[in-house]
Amino acid sequence: MEHKVRKLFDWQENKTDSSQPEVMKEKSKMSLPVLIESLFVCADPNLQATTESFLQQIKNLRVTFESKLNFIKKDYQLVFITHTGDDIETKSNLERAGKAGFPIVLIAENLSQDIMKQAISLKVHDVLSMTEFEREAFNTIKKVSDELFSKAELAPIISVINGKAGSGASFITNCMAQIIAEDAAVAVVDGDLQFGTLADSMGFTPEYYLDQALQDVDELDSTAIKSMMCHRDNLSLLPVKSFSQINELSDINHGQLSQLIYKIRCDYSYLITDLSRGLEAFSFNILDVSDAIFIVVQQNIVSIREAKALVKQLTERLGIPKAKISILLNRYSSKYSSISDKDVAEATGIDAVYAIENDHQFANACTDLAKTVREVSSSKVIEQNLRNAIAQATPVEFMEKDSSGSFWSFLKRDK
């Protein structure tokens with residue numbers, strides 16, 4: 001069987017991806033580990049338009065443009081000041097940004113001695129040339145983002161994505177969330193914008209949805225985020241309406257989505273995203289900052305072939321390391337299929353493959369009757385399968401009773 005599986009997938013090995021020019025591959029790597037809210041001050045509309053086109057390609061960067069800096073309306077992590085020849089205006093902009101205490105990047109070609117002295121006194125983060133801006137800007141922005149990321153305590157993201165439609169990503173997300181929520185506060189975001197079903201399978205009756213959260217994201221604080229979600233004990237869910245893809249969320253603002261994900265990560269121990277529909281443009285930013293990605297497949301050639309193609313997109317297009325990707329072989333049965341976890345690992349190029357035993361009774365009880373893992377007596381095997389996968393492939397910290405049945409001991413997997 002190993003030979004057959006290898007042969008079925010070998011035909012894809014020598015294919016080269018000529019659809020993406022090298023410049024596009026480089027731009028696809030421009031991603032920040034944490035959302036940066038920035039202000040760009042520029043009096044030249046042509047320069048502003050050119051710069052905006054470039055900055056929009058940086059994932060997790062949100063930019064507000066102003067022609068001059070009269071007063072600062074909100075908190076920013078970075079302020080760009082462009083010198084277009086007016087020394088008085090530039091000095092005024094630098095002074096206002098400096099008083100606000102934000103990191104400043106000065107963009108200019110020729111600077112007077114006065115402006116240079118002011119920039120030094122304000123400890124300007126960097127000075128970039130206009131002609132070299134696109135080449136130099138990303139590294140400067142990423143340094144600011146890395147500094148913020150190192151200081152922030154953000155929940156790790158676990159993303160669950162179907163290798164092929166119907167493989168069971170929502171079921172896996174539900175069970176994983178319940179298992180992790182036994183020991184820690186877990187937030188779940190339903191990212192199935194067509195058939196979001198997590199609210200039903202978890203037994204929630206939502207009053208607030210993802211599209212509303214995106215609209216309100218600027219005003220959401222810690223209290224609002226926790227109150228807007230459906231919740232039970234340690235488990236919270238931000239649901240999505242059915243057919244949001246063609247209605248409320250037909251045009252997602254990616255900056256708002258990144259901002260919402262960032263705020264949720266600040267308030268929970270772990271965040272799980274259900275990306276049942278597979279790879280979509282709106283999910284790129286989420287996958288980019290995910291600490292662990294589980295691709296859910298089934299024991300058949302078509303499913304595994306689709307998963308192989310998905311791995312190629314994740315690693316080559318998005319630049320995600322293979323070490324972050326695991327395969328969950330859902331509904332596994334050695335009785336009805338001879339495809340093993342080793343076959344799947346060889347076919348997809350992903351070493352971390354975890355078999356999740358087939359149990360229709362348990363799956364139906366969870367999805368159709370909204371029962372919890374603890375309420376179904378036959379859940380033990382699947383629970384142990386998933387607990388093992390979580391412990392091995394994610395930064396989740398479990399609490400388990402020791403062999404003597406005494407108090408809890410902490411087990412944490414070294415990353």
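1. Which strands does helix H7 lie across, and at what angle does this helix run to S10? The model is predicted. In this model, H7 (residues 169-181) lies across strands S6 (157-162), S7 (186-190), S9 (235-238), S10 (270-275), S11, S12 and S13. Its direction is at about 170 degrees to that of S10.

2. The strands just named belong to an open sheet of 8 strands with mixed pairing, in the order S8-S9-S7-S10-S6-S11-S12-S13. Strands S8 (230-232) and S13 (353-357) are at the edges; each has a single partner strand, so one side of each is without a neighbour in the sheet. On average, neighbouring strands here are turned by 20 degrees against each other, direction ignored.

3. Within this sheet, S11 (residues 292-297) and S12 (residues 325-332) are parallel partners, paired over 5 bridges. One position to look at is valine 297, whose bridge partner in S12 is leucine 329. Helix H13 (residues 301-317) lies across S6, S11 and S12, and runs at about 155 degrees to S11.

4. There is also an open sheet of 5 strands, with parallel pairing and the order S2-S1-S3-S4-S5. Strands S2 (59-66) and S5 (126-128) stand at its edges with a single partner strand each, so one side of each has no neighbour in the sheet. The average turn between neighbouring strands of this sheet is 25 degrees, direction ignored.

5. S3 (residues 78-82) and S4 (residues 104-107) run parallel and are joined by 4 bridges. Phenylalanine 80 is opposite valine 105 in S4. Helix H4 (residues 87-100) lies across S1 (31-41), S3 and S4, at about 170 degrees to S3. Helix H11 lies across S1 and S2, running at about 120 degrees to S1.

6. Where is glutamate 248 placed? This residue is in the loop between S9 and helix H11 (254-267). Glutamate 248 counts as partly exposed because its relative accessibility is 36%, and the partly exposed class lies between 20% and 50%. Leaving aside neighbours within four places in sequence, glutamate 248 is in contact with Asp211 and Lys241. Glutamate 248 and leucine 193 are 55 residues apart in sequence, while their C-alpha atoms are 9.5 Å apart.

7. Side chains of opposite charge can pair when their charged atoms come close. The count of salt bridges in the model is 9. One of them links the side chains of glutamate 37 and arginine 62, at 3.4 Å from N to O. Glutamate 37 is in strand S1 and arginine 62 is in strand S2, so this pair ties together parts that are 25 residues apart in sequence. Are these two residues buried or exposed? Glutamate 37 and arginine 62 are both buried.

8. A salt bridge also joins lysine 99 and glutamate 95, with an N to O distance of 3.5 Å. The two residues are 4 residues apart in helix H4, so about one helical turn separates them. Lysine 99 is exposed, at 69% relative accessible area, whereas glutamate 95 is partly exposed, at 41%.

9. Glutamate 132 and arginine 135 form a salt bridge in which the closest N and O atoms are 2.6 Å apart. Glutamate 132 is partly exposed, with 30% relative accessible area; arginine 135 is exposed, with 59%. A network of salt bridges links Glu132, Arg135 and Glu136.

Notes:
Residues are numbered from 1 along each chain as its sequence is written. This is a predicted model: local features need pLDDT of at least 70, side-chain atom pairs count only at pLDDT 80 or more; totals for chains, interfaces and linings use all residues. Side-chain values use heavy atoms; hydrogens and water are left out. Two strands pair if DSSP finds at least two bridges between them. Axes are lines fitted to C-alpha atoms, for helices over the stretch in contact, and angles run from 0 to 180 degrees between N-to-C directions. Contact means heavy atoms within 4.5 Å. Buried means under 20% relative accessible area, exposed over 50%, partly exposed in between (1.4 Å probe, protein chains only). A salt bridge is a side-chain nitrogen of Lys or Arg within 4 Å of a carboxyl oxygen of Asp or Glu.
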